[in-house]
Amino acid sequence: MRDIMRLGSSPRWSDVVIHAGAARWVEVAEDASGDAKSQISQVLRQIDATLTQIGSDRTRLLEVLIFLADLGDAPILNEMWDGWVPRGNAPIRACVQSGLAAGYRVEMVVLAAVMPNEQRDH
Amino acid sequence: MRDIMRLGSSPRWSDVVIHAGAARWVEVAEDASGDAKSQISQVLRQIDATLTQIGSDRTRLLEVLIFLADLGDAPILNEMWDGWVPRGNAPIRACVQSGLAAGYRVEMVVLAAVMPNEQRDH
Amino acid sequence: MRDIMRLGSSPRWSDVVIHAGAARWVEVAEDASGDAKSQISQVLRQIDATLTQIGSDRTRLLEVLIFLADLGDAPILNEMWDGWVPRGNAPIRACVQSGLAAGYRVEMVVLAAVMPNEQRDH
């Protein structure tokens, strides 16, 4: 039984790392040609897909650290975010403006609890 | 018994999330009208209040990630920080300059261990 | 038996904090007089040294959050990083541009699992 599980390893990073009952991963938009709204929408859908992949769901998000290339996009983020986060089960959230790779408008570092059953399996 | 405990959930975020024996939360000054010294002082007091709320204390801080709107405020931060952190039980700390929401001078992402007894209760 | 272990505590921060089977620490170049390549190389060697100190190794890295003073240094980072990260056991990685203390080109926040045996000892 391994105590660390990695999904989607590339030479540069793993897509997801699971340890001690929690999964962590970084999301940027798969298609960075779109505007902030497009990229934020993609990132939220990608988080959903990863949650499904690890057998978790939005109610088990623990922390999301959000880097925006332009804090002027925060209202767009907040509108989409507020509709996406489950009421009563929101993660903690920090949101700051930082330089991102060319074309990217948003980068999110996500921490989510896996299911208690999953924890035993890892 | 739930494995995730959330305090102060709003539609956008939880004030505190506790999982696997550790609590995490984000602090900005409740009154952002003040200068850096005022805001840093507030944030440190707010961290104390949250530590008390979760039945923990400063000696159990694990990590504090600090975003300053202006790194020129670092000397003010360090002076207040050094008097606040318990000797021999400091957390790890990173401090970088990032854009923050208008008026905010500091944002801290805090990770602290809850008490071993608390861990069993969650 | 303490549930939190700290290494190298100074009045401002601990060098390493270990809790719940994971060690976390922040690295900047010990000699910040060099260029980005020098500093990144130092930081990676310093991470190796800390991993050795805690009885872990590169295959147990969970997450590395990288702050570059200039994202223009990302190609240098990536070249050194790709040769340093163990294939099939990469951590998750976020990399953004943030203001760092004068002279510093890179700051990394590292999370690594300690050895399962070590976890029991703490």
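Student: What makes residue pairs count as in polar contact across the interface of chain C and chain B, and how many are there?

Tutor: The rule finds 12 residue pairs in polar contact between chain C and chain B, both partners at pLDDT 80 or more. A polar contact is a pair of N or O atoms within 3.5 Å; within protein, one must be able to donate a hydrogen and the other to accept it, and residues adjacent in sequence count only if both atoms are side-chain atoms. This is a predicted model, in which local features need pLDDT of at least 70 and side-chain atom pairs count only at pLDDT 80 or more, while totals for chains, interfaces and linings use all residues. Residues are numbered from 1 along each chain as its sequence is written, chains are lettered from A and ligands numbered from 1 in the order in which they are written, and side-chain values use heavy atoms, leaving out hydrogens and water.

Student: Which elements of chain C give two or more residues to the side that touches chain B?

Tutor: They are strands E1 (4–7), E2 (16–19), E3 (22–28), E4 (61–68) and E6 (106–113) of chain C. Strands here are DSSP E runs of at least two residues, helices are H or I runs of at least four, and both are numbered from the N terminus. By class, this side of chain C has 13 nonpolar, six polar and seven charged residues. Nonpolar covers Ala, Val, Leu, Ile, Met, Phe, Trp, Tyr, Cys and Pro, charged covers Asp, Glu, Lys and Arg, and the others, Gly among them, are polar.

Student: Why is the pair Arg24(C) and Glu63(B) called a salt bridge?

Tutor: The closest N and O atoms of Arg24(C) and Glu63(B) are 3.1 Å apart. A salt bridge needs a side-chain nitrogen of Lys or Arg within 4 Å of a carboxyl oxygen of Asp or Glu, so the pair qualifies. Across the interface of chain C and chain B the rule finds three salt bridges.

Student: How many residues does each of chain C and chain B bring to the contact, and what area is buried?

Tutor: Chain C gives 26 residues and chain B gives 32, contact meaning heavy atoms within 4.5 Å. About 2100 Å² is buried between them, with carbon and sulfur atoms giving 55% of it. Buried area is the accessible area (1.4 Å probe) that two parts lose on being put together, summed over both.

Student: What is found between chain C and chain A?

Tutor: Here 32 residues of chain C are in contact with 26 of chain A. The buried area is about 2100 Å², with 55% from carbon and sulfur atoms. Leu62(C), Ile92(C) and Arg93(C) supply 25% of the area that chain C buries against chain A, more than any other three residues.

Student: How do you know that Arg60(C) and Asp3(A) form a salt bridge?

Tutor: Their closest N and O atoms are 2.6 Å apart, so the cut-off of the salt bridge rule is met. The rule finds three salt bridges across the interface of chain C and chain A. The count of residue pairs in polar contact there is 13, both partners at pLDDT 80 or more. Elements of chain C giving two or more residues to this side are E4, helix H2 (74–84), strand E5 (92–97), E6 and helix H3 (116–121). The largest share, six residues, comes from E5(C).

Student: Why is the relation between chain C and chain A that of a three-fold axis?

Tutor: A turn of 120° with a shift of 0.0 Å along the axis lays chain C on chain A with an RMSD of 0.0 Å, and that is the relation of a three-fold axis. In chain C, the C-alpha nearest the axis is that of Ser98(C), at 3.3 Å. Superposition is by least squares on the C-alpha atoms of residues with pLDDT of at least 70 in both copies.

Student: Why is Gln42(C) called buried?

Tutor: The relative accessible area of Gln42(C) is 10%. Buried means under 20%, exposed over 50% and partly exposed in between (1.4 Å probe, protein chains only), so Gln42(C) counts as buried. Gln42(C) lies in helix H1 (residues 36–53) of chain C. Its side chain reaches the backbone nitrogen of Glu30(C) at 3.3 Å.

Student: What makes Trp84(B) buried or exposed?

Tutor: Trp84(B) has a relative accessible area of 6%, so it is buried. Trp84(B) is found in helix H2 (residues 74–84) of chain B. Leaving aside neighbours within four places in sequence, Trp84(B) is in contact with Leu44(B), Ile47(B), Asp48(B), Arg58(B) and Leu61(B).
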